[in-house]
Amino acid sequence: MKNIDQFNFKNKRALIRVDFNVPLDDDFNITDDTRILAALPTINKILTSGGSVILMSHLGRPKEGPDDKYSLRHLVPYLEKVLKRPVQFATDCIGKETEEMASKLQPGDVLLLENLRFHKEETKGDETFAKKLALLGDVYINDAFGSAHRAHASTAVIVKYFPGAALFGYLMQDEVSSLEKVMKNPQRPFTAILGGAKVSDKIEVINNLLDKVDNLIIGGGMMFTFIKAMGGKIGSSLVEDDLIPTALDAIEKAKQKGVKLLIPTDTIIADAFDNAATKRTIKADMIPEKWMGLDIGPETIEAFTAIILASKTILWNGPMGVFEFENFAKGTECIAKAIAKATASGAYSLVGGGDSVAAINKYHLSNKVSYVSTGGGAMLEYIEGKDLPGVTAILES
Ligand code: AMP
């Protein structure tokens, strides 16, 4: 993989596509800085190697041109703190003034560009726009794994304007090698654990994983579509009736491929979608009318834990229940703990996708798994078997 350790940055301006699409509160304070922290090793490497850095990112989804609510200028004070130096800010990501600021950068300087998505050309993958961005740097680095599944101007199209000088940052490199380790060369048994709300979000994921895994564990809201497909009674649990044929196809494919498909056998039901609801443990296919399953039950936790502990490669995406409610979080917590335990015994574990990352953080286990991905959408597309344009563009350059 083309990485930044093989490049001499002395007196070079590195144009880095980062993913600084961080959540901000009403006063523009960053409420979760994970993505910025993840990009620091790459930025610091260039600064300490005698180069200067130009940072470009998107923030939110601005609809029509510039909008202060989505301005990256709000990030400047925080960046100055973590980079321990002044950060210059360009009020437009392209144009004469910005080019001038970039040309004056000295080794060790940092310039942050305004939101790329203030120009609609960014998401359209416009070549002229990409070319204008390319004028700003001598070398291009993509460290924005969270945007790697987009064929945007700054993530993929721009690469052609940096012949021989388009590289992966450390974060991108770690993300891709972690995914390759799991999806291309897994040690067996390989177990994937899928949860979360909907089957519809994960059809392709399920399909592709059935070609690769030894065990596929299904939990979360999506389990009820499977249970209904098998003729179970699911009360008023979350279900996608139109996906019952899809669930049956997956059950059939698992059989054909010799994949062990594990569907919960018991569940914690509630009489309302509420943490304070009355709850009961019951067989997962015998849920009474008006009751809904909000977590996996103790028998299921035991069965899933045994499979996880016997695995050598583990992939986890999606909570096992409504873990935001304390009373329905036990399944997710126990599975997170089982993954941590398996990792301590030598398994390789990759956790990714918004809510499973939130869960692993909630139980303070992020250091106890092998890798936590920063890119939910990009990770899922990779697991679906799709090419990531941000990765392919550099690999093929
Ligand atoms: P996703 O974004 O698809 O990973 O879904 C995550 C969401 O699924 C979380 O907010 C969970 O509360 C929700 N979820 C998990 N299990 C259930 C369930 N049994 N019923 C309803 N929602 C669920």
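How many Å separate an oxygen atom of the ligand from an N or O atom in the side chain of Glu324? In this predicted model, the distance between these two atoms is 2.4 Å. A second side chain is placed in a similar role: an N or O atom of Asp355 lies 3.4 Å from an oxygen atom of the ligand. The backbone also takes part, since an N or O atom in the main chain of Gly221 is found 3.1 Å from a nitrogen atom of the ligand. Taken alone, the ligand exposes 510 Å², and 80% of that area is buried by the protein.

The surroundings of the ligand can be described further. The shell around the ligand holds 15 residues, and those that come nearest are Ala197, Gly221, Gly293, Glu324 and Asp355. Sorted by class, the shell consists of six nonpolar, five polar and four charged residues. Among the pockets of the protein, the space that the ligand takes ranks as the second largest.

Attention may next be given to Val372. This residue belongs to strand S17, which covers residues 371-372. When neighbours within four places in sequence are left aside, Val372 is in contact with Glu175, Val351, Val357, Ile360 and Ser366. With respect to Gln106, the separation of Val372 is 266 residues along the sequence and 35 Å in space, taken from C-alpha to C-alpha.

Two features of the backbone remain to be reported. The peptide bond that joins Arg188 and Pro189 is cis, with an omega of about 5°. Pro189 is located in the loop that runs between helix H6 (170-183) and strand S7 (190-194). The other feature concerns Asn11, a residue other than glycine whose phi is positive, with a value near 60°. Asn11 is situated in the segment before strand S1 (13-17).

Notes:
Residues numbered from 1 in each chain as written. Predicted model: local features only at pLDDT ≥ 70, side-chain atom pairs only at ≥ 80, totals over all residues. Heavy atoms only, no water. Near = heavy atom within 4 Å. Polar contact = N/O pair within 3.5 Å; in protein donor to acceptor, adjacent residues only side chain to side chain. Areas by Shrake-Rupley, 256 points an atom, 1.4 Å probe, with all protein chains shown as cover. 1 Å grid on protein atoms, 1.4 Å probe; cavity = no way out; pocket = protein on both sides within 12 Å on 5 of 7 lines; lining within 4 Å. Sits in = over half its atoms within 2 Å of the grid points. Nonpolar A, V, L, I, M, F, W, Y, C, P; charged D, E, K, R; others polar. Helix = DSSP H or I, 4+ residues; strand = E, 2+ residues; numbered from the N terminus. Contact = heavy atoms within 4.5 Å.
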